[in-house]
Amino acid sequence: MGLPRLDNGPARRLFMQRHALLEPPSGGAKSGGAKGAELLQLITRLGFVQLDSINTVARAHDVILYSRRASYRPKHLQDLYHAGGALFEHWTHDAAMIPMAFYPQWHLRFQRDEALLRKRWRNWRRDGFEAQFATVLNHIRDHGVVSSSDLGKDEKKSSGGWWDWHPSKTALEYLWRTGALTVVGRTGFQKRYDLTERVIEEALHAPSQPLDPAPTIEWLCNNALDRLGFATSGELAAFWDTASAAETRAWCQQAKARGEIEEIEVEAADGALRRHFARPGLREAAAELGSAPGRIRLLSPFDPMLRDRKRAERLFGFHYRIEVFTPAPKRQYGYYVFPLIEGQRLVGRIDMKADRPADLLRVTALWPERRVTFSPARVKRLEAELERVARFAGLDRVEFADGWLRDAL
């Protein structure tokens, strides 16, 4: 007898539901509000919101939240962050805003990064950064919050490559990544740091005794699975990017033996079957989910539904790669192209940019997915969404370039 099977349609809906994309984005009782406690609840549900500095229309974290709550505005996240105690900034697979309730689970990350980053950054010719630890900590203790521009003014930066950091900047980042410092905000996109002991409440501080990794691994795996719905052990490891592949494999076997999870087969967009772990009863829960909203929505390239590019391609048949670091002549689409979702299908990708001096959202090109036709009705739905995006970005109107609707590639 084969494994239980989750068909592709229910799998898509379940994955969208776990990523808060199955309910209408317009707010109200079904989806929730866009600020304060309701915004924190949304971020907790997602697990974290990735930060990114690129701002062609709006920053990634803001687009991620807007896609789920159309009344969201960047000020709402800033208010939640600066209100104190609700969020902290650190790393998962990348820099992210994370609920403060999760802070104790980051002690293992701090501990592991101490050795990992010290070795890695030495190899990247960050010579001298370790000698700055005491100086940086004493300066912050005596003078308060700093940014990297406040330190190391007489220090020589490296000659090209790896962010061109001076030793004090590298020390700041290392002390933050290993828990001695906490980011308390940003000026523009430049981080400001303070001593963790002055920012994080004492009850959340690291224990004085050596840390047992087992409870954290248990938390990481359980919480990753609950947010993904179904996952391979490798996908569980990648979600928070703290537990190793070997640790998540061992957890899966132990949890399966305890009856907490089971193996199922999940159907991909092309009909292929792949084994995943899931909670018992998941297939029944997926079968009860309603349909996805028909409204076209913009997704950030860093949306949690898309950050695992291979998983998104398997489930939705949508191949996506960001081309920011691809030389312009070699780009297939564009510098920063936004995926578009309609219902439970990814229907295209759009290249557009805010022209703030002209108060315009300029649309350069849209490429439909194969077997997706942008009929007049669909174009009208797209125009309605782009008008909403323009208002979200603080722009007056949308302007389409000649020949903006391209053929599928």
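This report describes a four-stranded sheet, two helices with buried faces, and one helix packing in a predicted model.

**The sheet**

Four strands form an open sheet in the order β1-β9-β10-β8, and the pairing within this sheet is mixed. The edges are taken by β1 (5–6) and β8 (230–231), each of which has a single partner strand, so that one side of each is left without a neighbour in the sheet. Strand β1 runs parallel to β9 (residues 262–267), to which it is joined by two bridges; Arg 5 has Glu 265 in β9 as its bridge partner, while Leu 6 stands opposite Val 266 in β9. On the pairing of β9 with β10 (residues 273–278), the two strands run antiparallel and are joined by six bridges, one of the bridge partners being Ala 278 in β10, which pairs with Glu 262. The hairpin of β9 and β10 has five residues between the strands, and in this hairpin Gly 271 takes a positive phi near 90°.

**Helices α2 and α13**

In helix α2 (residues 36–46), the residues Leu 39, Leu 42, Ile 43 and Leu 46 are buried. Seen down the axis of α2, these buried residues fall within an arc of 95°, and therefore they line one face of the helix. The face turned away from this buried side carries Ala 37 and Gln 41, both of which are exposed.

Helix α13 (residues 309–316) has Arg 309, Arg 311, Ala 312, Leu 315 and Phe 316 as its buried residues, and because they cover an arc of only 160° around the axis, they lie on the same side of α13.

Glycines with positive phi follow α2 and α13 and also occur in the β9 and β10 hairpin, as listed here.

| Glycine | Location | Phi |
|---|---|---|
| Gly 47 | follows α2 | positive, near 105° |
| Gly 317 | follows α13 | positive, near 65° |
| Gly 271 | hairpin of β9 and β10 | positive, near 90° |

**Packing of α9 with α11**

Helix α9 (residues 213–228) packs against helix α11 (residues 245–257) at an angle of about 75°, with the two axes 10 Å apart. Angles of 65 to 115 degrees count as roughly perpendicular, which means that α9 is roughly perpendicular to α11. From α9, the residues Ile 217, Glu 218, Cys 221, Asn 222 and Leu 225 meet Glu 247, Thr 248 and Trp 251 in α11. Taken by class, this contact of α9 with α11 has four nonpolar, two polar and two charged residues.

Technical notes
Residues are numbered from 1 along each chain as its sequence is written. This is a predicted model: local features need pLDDT of at least 70, side-chain atom pairs count only at pLDDT 80 or more; totals for chains, interfaces and linings use all residues. Side-chain values use heavy atoms; hydrogens and water are left out. Axes are lines fitted to C-alpha atoms, for helices over the stretch in contact, and angles run from 0 to 180 degrees between N-to-C directions. Angles under 35 degrees count as roughly parallel, over 145 as roughly antiparallel, 65 to 115 as roughly perpendicular and the rest as oblique. Contact means heavy atoms within 4.5 Å. Ala, Val, Leu, Ile, Met, Phe, Trp, Tyr, Cys and Pro count as nonpolar, Asp, Glu, Lys and Arg as charged, and the others, Gly among them, as polar. Buried means under 20% relative accessible area, exposed over 50%, partly exposed in between (1.4 Å probe, protein chains only). The arc is that of the directions from the helix axis to the C-beta atoms. Two strands pair if DSSP finds at least two bridges between them.
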